[in-house]
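Open your viewer and turn on the cartoon, with residue labels close at hand. We will go from selection to selection, and at each stop you can check what is there.

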Amino acid sequence: MSQKKGPLAGLRVIDASNFLAAPTVSMHLADMGAEVIKLERPNGGDEFRNWGRRRDDIALYYKVVNRNKLSVTADFRTPMGVETVKRLVRDADLIVENYRPGTMEKWGLGYDVLSAINPRLVMLRVTGYGQEGPNAHKPGFGTALEGYGGFVYINGEPGRPPLLPPFGLSDASSGLCGAFLALAALRERDASGQGQVVDLALYEAMFAMLGPFVVEHDQLGVVQERMGSRLPWVAPRNTYQCKDGAWVSLSASSNGTFVRLCTALGEPALATDPRFAENAGRVANVEALDAELSRLIGRFDRADLIALLEASDAVVAPVNSVADIMQDPHIAARGSIISVEDAELGGPMRMQAPSGRFSRTPPEIQHAGPPAGAHNREILLGRLGFTEEELHAAGITP
């Protein structure tokens, strides 16, 4: 492994988690240059290796979520696995785990044990409902927590069943939030000299993203219902179909933007209609407004519509499929998709790049998710001092 140079270079992270949310935390940290050692069970590795679409019997999503990590096999239910964790945390900054509350303690790997070895250690614990509370004992995958945390209730069309998101929303949001919380705890650790436990429930990050629906219910008794692509506080805001069958996403959040939109569409009088002149009226009369806009937008092919609206400084964008995104020149120019060589797949694979840009210390993707135990020799033998005989006795391939 070459020396990483990202903004988190020098940070050491132990990823003792599996599946999606908590490994996404360590993915973001690894993207930014942290050394992440992923611990996987022998004989199969993380169960996430069995999820999703595959090529050559290799799980593609695993390759993304576990990029830049070193893979080491360890069974936490065995003395060898417990000792591996204990040796690793001696000079680690952070350990990430996502087992049910009490499981790490049952294995002899609770924070009391690990912090006695390294008092500066931060432990991030990601579970469905958190470490405490009436539901703490319940199992929790993202799908269940997306419903529990309020997102699913408001997602979908009016009068139709609530819809789950078509991707791991609670896992992805927890990954971002968990990375932020871990860095906040490490920042405090650098000031105080003491580590601590950070407790993140899967529903919390997504719940915090849901806008004003709590305060509006608290103060006004409002229960936000399903509204399709609309929002309860601004209009227009929707997807609209063009003459060629393609779709655009469009909003006009300010009066000035709405005037420019109507003028560009050739209907400036729409902006002075008493129903639509102010945002409150547009929200109250959103059905009539969307009918008018659908009629006007439906006269244009998408490319012509976007060119027309952009020339008038109106806000519009195509509703892109992933195939569209892969061909988009702006996404290419920003480097939002990167190509990573992968030995298992025998060539390059493209995936989303880390978000944002750094002027001096850019993140770097050195490799996709490695085979299970690919770094056993480097870490277990070279760094932790186990012998080949010990590894063979534990059923671990060096």
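Start by selecting R12 and E35: E35, in β2, is the bridge partner of R12. Keep in mind as you look around that this is a predicted model.

**The parallel strands**

Now widen the selection to the whole of β1, residues 12-15. Strand β1 runs parallel to β2, and four bridges join the two. To see how the chain gets from one to the other, add helix α1, residues 21-31: the path leaves β1, passes through α1 and arrives at β2, a β-α-β crossover that is right-handed.

Stay on β1 and select V13 next. Its bridge partner in β6 is L94. Show residues 94-97 to bring up the rest of strand β6, which pairs with β1 in the parallel sense over three bridges.

**Two positive phi values**

Move on to N43, in the loop between β2 (35-40) and β3 (54-55). Is N43 buried or exposed? With a relative accessible area of 73%, N43 is exposed. Check its backbone too: phi of N43 is near 60°, a positive value in a residue other than glycine.

Then jump to D57, which you will find in the loop between β3 and β4 (58-59). Here phi is near 65°, again positive in a residue that is not glycine. D57 is exposed as well, at a relative accessible area of 60%.

**A cis peptide bond**

Select A235 and P236 together and display the backbone atoms. The peptide bond from A235 to P236 is cis, its omega being near 0°. P236 belongs to the loop between α10 (213-220) and β9 (237-241), so let β9 lead you to the next stop.

**The antiparallel sheet**

Colour β9, β10 and β11 to bring out an open sheet of three strands, in the order β9-β10-β11 and with antiparallel pairing. Why does one side of β9 and of β11 lack a neighbour in the sheet? Both β9 and β11 (316-318) stand at the edges with a single partner strand each, so one side of each is left without a neighbour. Looking across the sheet, you will find a twist that averages 25° from one strand to the next.

Zoom in on β10, residues 247-251, which is joined to the antiparallel β11 by three bridges. Label L250 and V316 here: L250 stands opposite V316 in β11.

Finish with helix α13, residues 286-297. This helix packs on the sheet, where it touches β9 and β10. The direction of α13 makes about 35° with that of β9.

How values were computed:
Residues are numbered from 1 along each chain as its sequence is written. This is a predicted model: local features need pLDDT of at least 70, side-chain atom pairs count only at pLDDT 80 or more; totals for chains, interfaces and linings use all residues. Side-chain values use heavy atoms; hydrogens and water are left out. Buried means under 20% relative accessible area, exposed over 50%, partly exposed in between (1.4 Å probe, protein chains only). Two strands pair if DSSP finds at least two bridges between them. Axes are lines fitted to C-alpha atoms, for helices over the stretch in contact, and angles run from 0 to 180 degrees between N-to-C directions. Contact means heavy atoms within 4.5 Å. A crossover is right-handed if, with the strands pointing away from the viewer, the path from the first strand over the helix to the second runs clockwise.
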